[in-house]
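Me: I am new to this structure and would like to go through some of its side chains. Could we begin once it is on the screen?
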Amino acid sequence: MTDTTTTTLTEAIPTIVASALLEMDEGNVVQPLVTTINMPGPGVVHNTPFIRRLTAETDDSLTGQAMDSGTSDETSPSAATVGVHGAYVQLKEIAALATVDDMAAVAGKLIGQALTVRKDLDLVTLFASFTTNQGGMNVDPTPADLYDCYGSLRTYHAPLPYNLVLHPLQVYRTTGLASLFDNSSDAIQSAGLGTVGEDFARSGFAGMVFGFNLYLDANIAITSNNCSGAAFSREGIKFVSKRGFRIDIDPDIAEVATKIVGTEMWGEAILRNKHGNEMQFDTTG
């Protein structure tokens, strides 16, 4: 006797398709930490000039001092060129009608997600532009890197708070940042209740290390097992917004489709070079 199975009834069994899940991406980590400038008016280049400081003299025979924006110890002007960033989906009507989910809504989510990632990628790419690098190729973080970085930012009058943005693999590995607080012989003192070491041991994460607010950002690119995070004050980087996020929808009659386009206009640049330090470290080991 032959059994009736799912194999013999393959063509009679419907396929159930659940709601689609989106691939995951890193969010907008860096923009809330930097100087955001709105530039809705004319122009595509936003310049921030720096005027050199004056020197007070010690007698009553003063020498006139020119106010000079060309010889500042900052890069003057800090120039950010704004441009269009976007993503585009052409959704065929038959595809929209035949799928389980509202594919127009899904397209909007994907477009918004893509632009969020693009914004963060543009900003983290600037980390390698800070002149001062506390790390280096194929090196592991040490307590001295945090000490030197904090001292550098204070020396150049960077206002608090200080943010430290690193790739997760710069933190979570045998010789990563977390190992500096594991109570080993070369660790920063971390034994006891309420310490950074306890935060890592209990929660797997510490919100602050040695005066820096700690953030993880997987959008930081890894090249030959190395990547460049950064420690910076808010004025280290500027983000110039020309126009915010917008979705435009346009029917394509000839293609029996709908064009769904999401765009945003922005630019980014180092604002005060001395208010940020590159933190370049290995990601293996």
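Me: To start with, is E255 buried, partly exposed or exposed?
Reply: In this predicted model, E255 is partly exposed, and its relative accessible area is 36%.

Me: Which side chain does E255 meet in a salt bridge?
Reply: The partner of E255 is K92, with 2.7 Å from N to O. E255 sits in the loop between β9 (237–252) and β10 (257–270), while K92 belongs to strand β4 (residues 83–92), so this salt bridge ties together parts that lie 163 residues apart in sequence.

Me: And how accessible is K92?
Reply: K92 has a relative accessibility of 34% and counts as partly exposed.

Me: Changing topic, how many salt bridges are there?
Reply: The count comes to seven salt bridges. One of them joins D122 and R118, whose closest N and O atoms are 3.0 Å apart.

Me: Where do D122 and R118 lie?
Reply: Both residues are in helix α2 (residues 103–125). They are four residues apart there, which means that about one helical turn separates D122 from R118.

Me: Is D122 buried or exposed?
Reply: D122 counts as buried, at 12% relative accessibility. R118, by contrast, is partly exposed, with a relative accessible area of 36%.

Me: What about R246: which residue does its side chain meet in a salt bridge?
Reply: R246 meets the side chain of D248, with an N to O distance of 3.1 Å. R246 counts as partly exposed at 41% relative accessibility, and D248 is also partly exposed, at 32%.

Definitions and conventions
Residues numbered from 1 in each chain as written. Predicted model: local features only at pLDDT ≥ 70, side-chain atom pairs only at ≥ 80, totals over all residues. Heavy atoms only, no water. Salt bridge = Lys/Arg side-chain N within 4 Å of Asp/Glu carboxyl O. Helix = DSSP H or I, 4+ residues; strand = E, 2+ residues; numbered from the N terminus. Buried < 20%, exposed > 50% of the residue type's maximum accessible area, 1.4 Å probe, protein only.
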